[in-house]
Amino acid sequence: MKIKTKRSKRKLGLPAAIILCSLFFLAGFYSSIFFPHDVPVTIPRLRMLEVAEGDHDTKPHGLTGEASVESIPFQVLSWKPRALYFPKFATPEQCESIIKMVESKLKPSTLALRKGETAESTKGTRTSSGSFVSGSEDETGTLDFIEKKIAKATMIPQSHGEAFNILRYEIGQKYDSHYDVFNPDEYGPQSSQRAASFLLYLSNVEEGGETMFPFENGSGVSPGFDYKQCVGLKVKPRQGDGLLFYSLFPNGTIDPTSLHGSCPVIKGVKWVATKWIRDQIWTTDE
Ligand SMILES: *[C@@H]1O[C@H](CO)[C@@H](O)[C@H](O)[C@H]1NC(C)=O
Ligand SMILES: *[C@@H]1O[C@H](CO)[C@@H](O)[C@H](O)[C@H]1NC(C)=O
């Protein structure tokens, strides 16, 4: 009985297979004639991306790789300028300890002057108070921890960072739009450049105090622009959050849309730790 069934299956199978093959051939043949461009292209997705998008599962390090595995969430804010946002980059305790560290050492913030400018002619451009502290000067290790985390997030080594400039903006205080990068046309030849800036917001500000990029998406890049306006892409400070933006394009030239400023504080106090990241190892703290 078994053999018979098999045979009958084979007998039925052979013509069916021939018919099916012919159908598939004809379907393929005609579709290639009538829909020559309709071939679906599937691009395989990278496994690492799928993992990263999912549950923040991480890949185990290799035998020779770095042992630390951590996830640093970020959000792309803008491509012009290239700006990234890092929610909860530091803890509230870390932020408070940084404020305590410098509170008694604040001095009025100064400006790097262009050719022909004087302290008097630039008065009112930058009205915050601040203090410079590097990771190595902080015995609690908080600043060193933050510096290392910034280095990981940017993949630019810690040695490229200037000391933190920790700033306090009280009501009405602001910083008009400016570049962190020093254009050699205005400041003379530079031995190294500020390639990127990382701002760590140390306090919540009730109103005002946003970091603004007036030339967002390239709009408004014009000679008649009013540098005192608070316009464009505005980032509201939130304690512990980080903002990273690049002042240089990948080819090393200055990104005009990296112009930025600090809107006047309307209510509350703004505390921010600024880390300027150089394109070369930074040895002197100025
Ligand atoms: C800037 O460009 C991005 C991406 O094209 C767009 O989503 C955003 O709305 C633009 N912003 C402005 C203010 O035009
Ligand atoms: C550098 O890159 C920017 C942005 O992609 C581009 O607009 C500019 O023309 C480039 N400059 C040079 C000298 O390659």
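This passage describes the strands, helices and selected loop residues of a predicted model.

The strands considered here belong to two sheets. In one of them, eight strands form an open sheet in the order β1-β2-β11-β7-β14-β5-β4-β3, and the pairing is antiparallel. The edges of this sheet are formed by β1 (75-79) and β3 (107-108), each of which pairs on one side only. At the β1 edge, β1 is joined by four bridges to strand β2 (residues 82-86), and the two run antiparallel. Within this pairing, Q75 has Y85 of β2 as its bridge partner, while W79 is matched in β2 by R82. Strands β1 and β2 form a hairpin, with two residues between them. The loop between β1 and β2 is also the place of P81, and the peptide bond leading from K80 to P81 is cis, with omega near 5°. Strand β1 is hardly covered, since the count of buried residues among its five residues is zero.

At the β3 edge of the eight-stranded sheet, β3 and β4 run antiparallel and are joined by two bridges, with K107 having G130 as its bridge partner in β4. Strand β4 in turn pairs with β5 in the antiparallel sense, over five bridges, and in this pairing S131 stands opposite I166 of β5.

The other sheet is also open and consists of four strands in the order β6-β12-β9-β10, with antiparallel pairing. Its edge strands are β6 (175-178) and β10 (233-235), each pairing on one side only. From one strand of this sheet to the next, the twist averages 15°. Between the edges, strand β9 (residues 211-213) and strand β12 (residues 260-262) pair in the antiparallel sense over two bridges, and the bridge partner of M212 in β12 is G261.

Two helices, α3 and α4, lie across strands of the eight-stranded sheet and also approach each other. Helix α3 lies across β4 (129-133), β5 (164-169) and β14 (270-278), and its direction is at about 100° to β4. Helix α4 lies across β2, β4, β5, β7 (194-201), β11 (242-246) and β14, and runs at about 130° to β7.

Two packed helices are described by the angle between their axes and the distance between the axes. For helix α3 (residues 92-102) and helix α4 (residues 142-154), the axes come within 10 Å and cross at roughly 120°. This angle makes α3 oblique to α4, and the crossing in which α3 passes α4 is left-handed. The residues that meet in this contact are Q94, S97 and I98 on the α3 side and T142, L143 and I146 on the α4 side. Taken by class, the contact of α3 with α4 comprises three nonpolar residues, three polar residues and no charged residues.

Two residues in loops flanking these helices have backbone angles that deserve mention. In the loop between β2 and α3, K88 has a positive phi of about 50° although it is not a glycine. K88 counts as partly exposed because it has 13 C-beta neighbours inside 10 Å. In the loop between α4 and β5, M155 likewise is not a glycine and yet has a positive phi, of about 60°. M155 counts as exposed because it has 6 C-beta neighbours inside 10 Å.

A further residue, D185, is found in helix α5 (residues 184-187). Because D185 has 9 C-beta neighbours inside 10 Å, D185 counts as exposed. The C-alpha atom of D185 is separated by 9.5 Å from that of R114, although the two residues are 71 residues apart along the chain.

Definitions and conventions:
Residues numbered from 1 in each chain as written. Chains lettered and ligands numbered in written order. Predicted model: local features only at pLDDT ≥ 70, side-chain atom pairs only at ≥ 80, totals over all residues. Axes fitted to C-alpha atoms, helices over the stretch in contact; angles between N-to-C directions. Parallel < 35°, antiparallel > 145°, perpendicular 65-115°, else oblique. Left-handed = near helix turned anticlockwise from the far one by under 90°. Contact = placed C-beta atoms within 7 Å. Nonpolar A, V, L, I, M, F, W, Y, C, P; charged D, E, K, R; others polar. Pairing = 2+ DSSP bridges. Buried ≥ 20, exposed ≤ 12 C-beta atoms within 10 Å, placed from the backbone.
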